[in-house]
Amino acid sequence: MDTEGLMDIIEKRRNHKVFKKDPVGARDLEAILEAARWAPSPGNVQPWELVVVREADRKKRIAEIHAASMSSPGKPKEIPTVYTDPPVLVAICIDTRIKDGFPESFSREFLTYAGVGALMENMWLAAASLGLGMGTGTQPVSAQKDLQSFFGLPGHYEVPEIVQIGYPKKALGKTSRKKLEEFVHWES
Ligand SMILES: Cc1cc2nc3c(=O)[nH]c(=O)nc-3n(C[C@H](O)[C@H](O)[C@H](O)COP(=O)(O)O)c2cc1C
């Protein structure tokens with residue numbers, strides 16, 4: 001693929017939130033997971049485990065955990081359909097023990113989570129190239145204990161993101177970005 005083709009996919013990629021019920025084919029899902037596998041991470045530590053969730057009752061429980069973590073007294077949150085409607089959810093679980101392995105002279109937080117962004121982008125682009133959509137679902141700190149027990153994770157794991165994958169219900173219009181001259185500064 002040439003740069004033009006790659007740019008086409010980069011620009012086509014969107015944060016989808018509304019999906020059709022149609023299942024995602026096994027080969028397509030594997031291709032998205034393979035793209036995740038090739039994501040870069042600091043020192044190539046690859047601190048992640050991915051959990052693929054497809055059963056309706058498991059997705060519903062995730063939606064309930066998310067809603068409960070976002071609720072406040074007297075302000076219950078509705079169960080978000082963004083976790084129940086898509087055919088596939090992928091929970092990105094991170095082994096936070098890798099933080100201690102990074103030199104103190106760097107931001108250990110940055111090094112721990114920067115790779116998650118790369119992993120998500122790889123998955124996002126692979127999905128877009130297959131005509132599939134992906135959406136993000138950042139998980140609040142207050143959901144972490146429940147997510148750990150739901151996925152049977154030890155205490156040193158976090159679930160920063162649960163992404164949704166499926167066929168988009170509708171094409172999203174063009175999005176916008178800052179112009180290059182608004183954020184690129186040429187020194188010479
Ligand atoms: C690390 C990260 C976390 C995000 N978390 C959420 C989220 O929890 N919920 C949400 O609706 N969008 C989330 N987004 C999506 C962004 O809001 C979205 O990518 C941005 O508005 C640009 O839109 P586009 O992706 O359709 O171009 C997240 C994006 C990134 C990169």
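I'll start with helix α5, residues 144–151, which lies across β1, β2 and β4. Against β4, residues 157–166, helix α5 runs at about 75°. Keep in mind that this is a predicted model.

Now the sheet under that helix. It is open and has four strands, in the order β1-β2-β4-β3, with antiparallel pairing. The edge positions belong to β1, residues 48–53, and β3, residues 133–135; each has a single partner strand, so one side of each is left without a neighbour in the sheet. On average, neighbouring strands are turned by 25° against each other, if direction is ignored.

Let me go through two of the pairings. β1 and β2, the latter covering residues 88–95, run antiparallel and are joined by six bridges. If you want to find the register on the screen, take Glu 49, whose bridge partner in β2 is Cys 93. Leu 50 then stands opposite Ile 92, again in β2.

On to the pairing of β2 with β4. Here seven bridges join the two strands, and the direction is again antiparallel. One pair to look for is Asp 95 with its bridge partner Tyr 157 in β4.

How many of the residues of β2 are buried? Seven of the eight are, so to speak of β2 as mostly covered is fair.

Next, the helices. Two packed helices are described by the angle between their axes and the distance between the axes. For α1, residues 3–12, and α4, residues 108–129, the axes come within 9 Å and cross at roughly 105°. That crossing makes α1 roughly perpendicular to α4. Which residues meet there? From α1 we have Ile 9, Ile 10 and Lys 12, and from α4 Leu 125, Ala 128 and Ser 129. By class, the contact of α1 with α4 has four nonpolar residues, one polar and one charged.

Last, the ligand. The residues around it are Arg 14, Asn 15, Gly 117, Thr 136, Gly 137, Thr 138 and Thr 175. What is the make-up of that shell, nonpolar, polar or charged? Six of the residues count as polar, one as charged, and none as nonpolar.

To recap: an open antiparallel sheet in the order β1-β2-β4-β3, helix α5 lying across β1, β2 and β4, α1 crossing α4 at roughly 105°, and a ligand shell with no nonpolar residues. That's it from me.

Definitions and conventions. Residues numbered from 1 in each chain as written. Predicted model: local features only at pLDDT ≥ 70, side-chain atom pairs only at ≥ 80, totals over all residues. Pairing = 2+ DSSP bridges. Axes fitted to C-alpha atoms, helices over the stretch in contact; angles between N-to-C directions. Contact = placed C-beta atoms within 7 Å. Near = placed C-beta within 6 Å. Nonpolar A, V, L, I, M, F, W, Y, C, P; charged D, E, K, R; others polar. Parallel < 35°, antiparallel > 145°, perpendicular 65-115°, else oblique. Buried ≥ 20, exposed ≤ 12 C-beta atoms within 10 Å, placed from the backbone.
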